[in-house]
Amino acid sequence: MQFIDRAEIEVEGGKGGDGMVAFRREKYVPAGGPAGGNGGKGGSVILQAEGNLQTLLDFRYARRFKADDGKRGGPNNCTGAMGKDTIIEVPCGTVIYDLETDEMLGDLVEKGQTLCVAEGGKGGLGNKHFLSNKNRAPEHALPGLEGELRNLRLELKLLAEVGIIGLPNAGKSTLIASLSAARPKIADYPFTTLVPNLGVVRKPTGDGTVFADIPGLIAGAHEGVGLGHEFLRHIERTRLLLHLVDVTADDPIQDYEVIQKELNAYGRGLCDRPQIIALNKVDACEQETLQLIKEELQPLSESPIFAISAVTKIGVEELLQNIWYLLEKASTSAENSSFPLVDFRRELSH
């Protein structure tokens, strides 16, 4: 399945039904008067969040959606039937923008949440509404109004609690494959991962937490360099960032600073997001070198620094325990986005 996180569509509400010109014709009702019914309202186009969808791929092939028109009014003051609404299913986390004004119309984050994006037109009035003392037999009715027409831009922002960031080949895909049932492509060259990968990691309590592997972050990503510009928005919703640093790289400290600069340049509060640093590939690094890297990196960050190997799972369990601790602390905090980063080992020891 292709991962498509942007789409443009056209939506149009149904036209309202025309009003009717009719008169009462009962045998024993002389001068029965006008009895034309109103037209029915046109159907609306409604977006609905669906939990089973993970991509906007469907909108690559179907880009125009129109609701049913309302029916014409009937005799004997009968109102025409309303047009049927068109329900469009989108993934949870879809943000809807008006393509012409760039106004955000809605953000569907919960399953079953709906947003009406194109109202149906009102039905026309039948001739019964034009009865007056001066006009006892009106012979005209109003046509139904056209439905609302809109061009929309859909943007998918993945719903994940933990976002895994780092330079290409830092081991993000290897880690998410090690922790979950996700099976992303893994190879020893940059930009192996071309789309975000989601994996559900099981907590000790039995419920799952969604981790997202965000690909393509390099220097200049916020300006469109590499793939990062396309996928930085997917970490906007994460509650915690896991920053992987490759200790076998030429300059791990510089690698860390590159990512931090990109988060700052992109804005939207990403640089203030709680963050854990994990030094990856420690099984391929000498202990003295690893200790030196930790000592140089610690002053740059208030967050705890862990040494792990995504391949051999060295230190991974300790890292997960800290992630669960911080997520739990975030859920009970009044301000989820500003809880302090602490080392759970120190806090629990007091």
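The following questions and answers concern a predicted model.

Visitor: What is the mean pLDDT of the chain?
Guide: The model is predicted, and 83% of the residues in the chain reach a pLDDT of 70 or more. The mean pLDDT of the chain is 81.

Visitor: Over which residues does pLDDT stay under 50?
Guide: Where pLDDT is low, the predicted coordinates should not be read in detail. That caution applies to two stretches, for which the model has 30 contacts and 29 contacts beyond four places in sequence. In the order of those counts, the stretches are residues 184-194 and residues 219-228.

Visitor: Is Q260 buried or exposed?
Guide: Q260 is placed in helix α3, residues 252-266. A residue counts as buried under 20% relative accessible area. Because the relative accessibility of Q260 is 16%, this residue counts as buried.

Visitor: Which residues is Q260 in contact with, leaving aside its neighbours within four places in sequence?
Guide: Q260 belongs to helix α3, whose buried residues pack against β12 (240-246) and β13 (275-280), among other elements. Leaving aside neighbours within four places in sequence, Q260 is in contact with H243 and Q275.

Visitor: How far apart are the end C-alpha atoms of α3, and what span should its 15 residues have?
Guide: The expected span is 1.5 Å times one less than the number of residues. For the 15 residues of α3 the expected span is therefore 21 Å, and this agrees with the model, in which the end C-alpha atoms are 22 Å apart.

Visitor: Which elements do the buried residues of α3 pack against?
Guide: The buried residues of α3 include I253, V258, I259, L263 and Y266. Polar and charged side chains are also represented, with Q260, D255 and E262 among the buried residues. The buried residues of α3 pack against β9 (162-165), β12 (240-246), β13 (275-280) and α4 (287-297).

Visitor: At what angle do the axes of α3 and α4 cross?
Guide: Two packed helices are described by the angle between their axes and the distance between the axes. The axes of α3 and α4 come within 10 Å, and their crossing is right-handed. The crossing angle is roughly 35°.

Visitor: Which residues make the contact of α3 with α4?
Guide: By class, the contact of α3 with α4 has five nonpolar, no polar and one charged residues. Glu counts as charged, so the charged residue in this contact is E296. The contact is made by I293, E296 and L297 of α4 and by P252, I253 and Y256 of α3.

Visitor: What is phi of the residue that follows α3?
Guide: Helix α3 is followed by G267. Phi of G267 is positive, near 80°.

Visitor: Which residues other than glycine have a positive phi near 60° or near 65°?
Guide: One lies in the loop between β3 (64-66) and β4 (86-91) and counts as exposed because its relative accessibility is 52%. The other lies in the loop between β14 (305-307) and α5 (316-332) and is partly exposed, with a relative accessible area of 48%. Phi is near 60° in N76 and near 65° in K313.

Visitor: What separates the C-alpha atoms of C285 and V247?
Guide: C285 lies in the loop between β13 and α4 and is buried, with a relative accessible area of 15%. Not counting residues up to four places away in sequence, C285 touches V247 and L290. C285 and V247 are 38 residues apart along the chain, and their C-alpha atoms are separated by 6.8 Å.

Key:
Residues are numbered from 1 along each chain as its sequence is written. Side-chain values use heavy atoms; hydrogens and water are left out. Helices (H or I, at least four residues) and strands (E, at least two) are DSSP runs, numbered from the N terminus. Buried means under 20% relative accessible area, exposed over 50%, partly exposed in between (1.4 Å probe, protein chains only). Contact means heavy atoms within 4.5 Å. Axes are lines fitted to C-alpha atoms, for helices over the stretch in contact, and angles run from 0 to 180 degrees between N-to-C directions. A crossing is left-handed if the near helix is turned anticlockwise from the far one by less than a right angle, and right-handed if clockwise. pLDDT is the predictor's confidence in each residue, from 0 to 100.
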